[in-house]
Amino acid sequence: MRADPLTMSLETVIAASPMLGHMLEDRSSVRNRQEPALVDLFRDAGTVELSNPDQEHLFLVAPLDLLVVETDGRKQFHITETNGTGIGGLTNLPLDVVSTVLDGLTEMATRLPEPNALVLAAISGMESNKNPRHNHLVHEKMLYAEALKRGFEKHGHSAKVLTMAQLEQDPKAIDTDQPTVVLGYIKELLNSLGMNRDGRLRLFGRPVDGAVNDRFCLNVLSRFGHQVDMTRFATMNRCFVPGADKGKAYELLNEFAAENKDDLFPNKVRFSRAGNRPALIAGVLNWLREGRKAVIKAQGTGLGHGIEFFLDPEEAVDSIIDKIDHSIKVTEAYYGAIGGAFPYTVCEFVDTCTVPRNGHPLFGHKYEVRVVVYRDGATLKAIPGITKISSQGYDADKSNRLSLINNITTSAEAKKREGTDFMLPLCNEETLDILGIDADQMKRVCAYCSRYVRYILDQVQAQPERFGLAGVWGDLNQDDRSLVLKRA
Ligand SMILES: Nc1ncnc2c1ncn2[C@@H]1O[C@H](COP(=O)(O)OP(=O)(O)O)[C@@H](O)[C@H]1O
Ligand SMILES: [Mg+2]
């Protein structure tokens, strides 16, 4: 068969990216070091059936981040966040995983009932106006757009891909009766979205039928005061709330952990919630008064934005308040969260392991592991993706922010280096050896992660109102309620 002459490889797009605007990051060096035998071993251990086939349309993918601690030679894994479909680094994973995830998006597009549906594929980046950050993995979201387009085309419609960069110059371009995918940065999309009185979202006047990116979905709901009609708004994942709100993820994790005791995982995450600034200040002070170190996390943010650490029980109150106000300001400016991205989560600081291999270039740096849970038909599968390593060595006596944040983008930007310099593939013997994690532990971690995600999906079905799916839940009849669950 002759190749489609108008289709080009991702490799060529990445290679040409500096000519097109900004550099895109090639993750093939990480992907190619994921060892197939370990991929199979871990994934088999991390495979569970969904509780029922109705859950298939509720979920696509969630990369879980886990902090690793070691006490008396015993490792424990703390799930810090579940993230979701905004995943950066899909292309770190073996290609069959990339295919399965993209097939899920194609399926999503085929399920939308509107013949001319509009789906928004949101990308993180450009948060700061002063130092706007281009996303170096935009090509992964371009793959999303193509996958959605393929789905629309299965119904025989020719579909269109538009970008916010173009629409901001020419909003009329959206006036087409073709099914359409709009790619754009979260902030650009939020700034241009509107909502009708009936809870229907609109972009430049055109009704919006769906969106992909957990954080974006929750930001949309917050922006419109949770009045969005969720019978008309398909969100992938449908469990986007815990994906975007760490406190929600911990609440669910604690329920799951109580029923699934395992000595590789803590029985409980200590956390509290704060709905406004005074509650947040009081929360942190109470936490420190009890002699506990604290971390604050905003709702719907990422890349460490809004995160602050309170490690000194004697820290002056003025300094504590300054840090909290800084966090609130950052989330207002970067995420357009009016009054700050509340509710915040206050949680316990976990003093994690550092890379223990003497002589390794990142020896003494804190790290975390990322386990990606994804859906393949009626099963959930988990595979370890990468370890993310902070950009500065950790010194307990004078810890600074950079040594505490294991975020690839933050590390790469701070050190003006490639993101791949701060990650290692996890389905890789050498990495496991460097970190001192054994294969049996990793198998158990994968199994735990996929069962936790299944628990979340069970709760979405049982109690949709806990997951931002209520909208006007109280006013919905039974048919509409089931429509809300089907709309993903
Ligand atoms: N409870 C915690 N204890 C210690 N460090 C933490 C804790 N939670 C998060 N961190 C650090 O902060 C970083 C960002 O936190 P995370 O919850 O992953 O939010 P984000 O969405 O901003 O990535 C993590 O990569 C980790 O380095
Ligand atoms: Mg994180």
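Here is a chat between two people going through a predicted model.

Colleague: Let's start with the five-stranded open sheet: which strands stand at its edges?
Modeller: The order across this parallel sheet is β5-β6-β4-β10-β11. Two of these strands have a single partner each, so one side of each is left without a neighbour in the sheet. Those edge strands are β5 (160-163) and β11 (234-236).

Colleague: And by how much are neighbouring strands of this sheet turned against each other on average?
Modeller: Take the five strands in the order β5-β6-β4-β10-β11, paired in parallel. Ignoring direction, the average turn between neighbouring strands is 20 degrees.

Colleague: Which helix packs on the sheet, touching β4, β5, β6 and β10?
Modeller: Its direction makes about 165 degrees with that of β4. The helix covers residues 138-154, and it is α5.

Colleague: How many bridges pair β4 with β6?
Modeller: Strand β6 spans residues 180-185 and runs parallel to β4. One place to look is Ile123, which stands opposite Tyr185 in β6. The number of bridges between β4 and β6 is six.

Colleague: Now the β10 side: which residue of β10 is the bridge partner of Leu120?
Modeller: β4 and β10 (residues 210-212) run parallel and are joined by three bridges. β10 also has three bridges to β11, again parallel, and there the partner of Thr235 in β11 is Ala211. Leu120 has that residue as its bridge partner in β10 too: Ala211.

Colleague: Is β4 mostly covered or open, and how many of its residues are buried?
Modeller: On one side of β4 you have Leu118, Leu120 and Ala122, and on the other Val119, Ala121 and Ile123, all buried. Side chains alternate between the two faces of the sheet in a regular strand. For β4 (residues 118-123) both faces are covered. So the strand is mostly covered, and the buried count is six of six.

Colleague: What about α8, how many of its residues are buried?
Modeller: The buried residues in α8 are Asp214, Arg215, Phe216, Cys217, Leu218, Asn219, Val220, Leu221 and Ser222. The helix covers residues 214-223 and is largely enclosed by the rest of the structure, because the buried share of its 10 residues is nine.

Colleague: Which residue with a positive phi follows α8?
Modeller: α8 runs over residues 214-223. The phi in question is near 55 degrees, and the residue is Gly225.

Colleague: Over to the largest nonpolar core: which helix gives the most to it?
Modeller: The core has 136 residues, and Val119, Ala121, Leu148, Val371, Val373, Cys446 and Cys449 touch the most other members. The helix that gives the most spans residues 439-462 and supplies 11 residues to this core. That helix is α16.

Colleague: Is Cys449 buried or exposed?
Modeller: Cys449 sits in helix α16. A residue counts as buried with 20 or more other C-beta atoms within 10 Å. Cys449 has 27 C-beta neighbours inside 10 Å, so it is buried.

Colleague: How far apart are the C-alpha atoms of Cys449 and Leu64?
Modeller: Leaving out residues up to four places away in sequence, Cys449 touches Gly46, Leu64, Val371, Val373 and Ala382. Cys449 and Leu64 are 385 residues apart along the chain, but their C-alpha atoms are separated by 7.5 Å.

Colleague: Now the four-stranded open sheet: which strands stand at its edges?
Modeller: The strand order is β12-β15-β13-β14, with antiparallel pairing. Two of the strands have a single partner strand each, so one side of each is left without a neighbour in the sheet. The twist averages 20 degrees from one strand to the next. The edge strands are β12 (271-274) and β14 (308-310).

Colleague: Which residue of β15 is the bridge partner of Lys297?
Modeller: β13 and β15 run antiparallel and are joined by four bridges. In β15, Lys297 has as its partner Thr345.

Colleague: Which helix lies across β12, β13, β14 and β15?
Modeller: Helix α10 (residues 246-259) lies across β12, β13 and β15, at about 55 degrees to β15. The helix you're after spans residues 277-289 and runs at about 160 degrees to β13. It is α11.

Colleague: Last one: which residues come nearest to ligand 1?
Modeller: The residues around ligand 1 divide into nine nonpolar, seven polar and six charged. Elements giving two or more residues to this shell are β2 (61-71), β3 (74-81), β13 (294-297) and β15 (344-348). Of the 22 residues around the ligand, the nearest are Glu81, Gly302, Gly304, Val350 and Asn406.

Note on methods:
Residues are numbered from 1 along each chain as its sequence is written. Chains are lettered from A and ligands numbered from 1 in the order in which they are written. This is a predicted model: local features need pLDDT of at least 70, side-chain atom pairs count only at pLDDT 80 or more; totals for chains, interfaces and linings use all residues. A residue is near a molecule or strand if its C-beta atom, placed from the backbone, lies within 6 Å of it. Ala, Val, Leu, Ile, Met, Phe, Trp, Tyr, Cys and Pro count as nonpolar, Asp, Glu, Lys and Arg as charged, and the others, Gly among them, as polar. Two strands pair if DSSP finds at least two bridges between them. Axes are lines fitted to C-alpha atoms, for helices over the stretch in contact, and angles run from 0 to 180 degrees between N-to-C directions. Two residues are in contact if their C-beta atoms, placed from the backbone, lie within 7 Å. A residue is buried if 20 or more other C-beta atoms lie within 10 Å of its own, exposed if 12 or fewer, and partly exposed in between; C-beta atoms are placed from the backbone. A nonpolar core is a set of buried Ala, Val, Leu, Ile, Met, Phe, Trp, Tyr and Cys residues joined through C-beta atoms within 7 Å.
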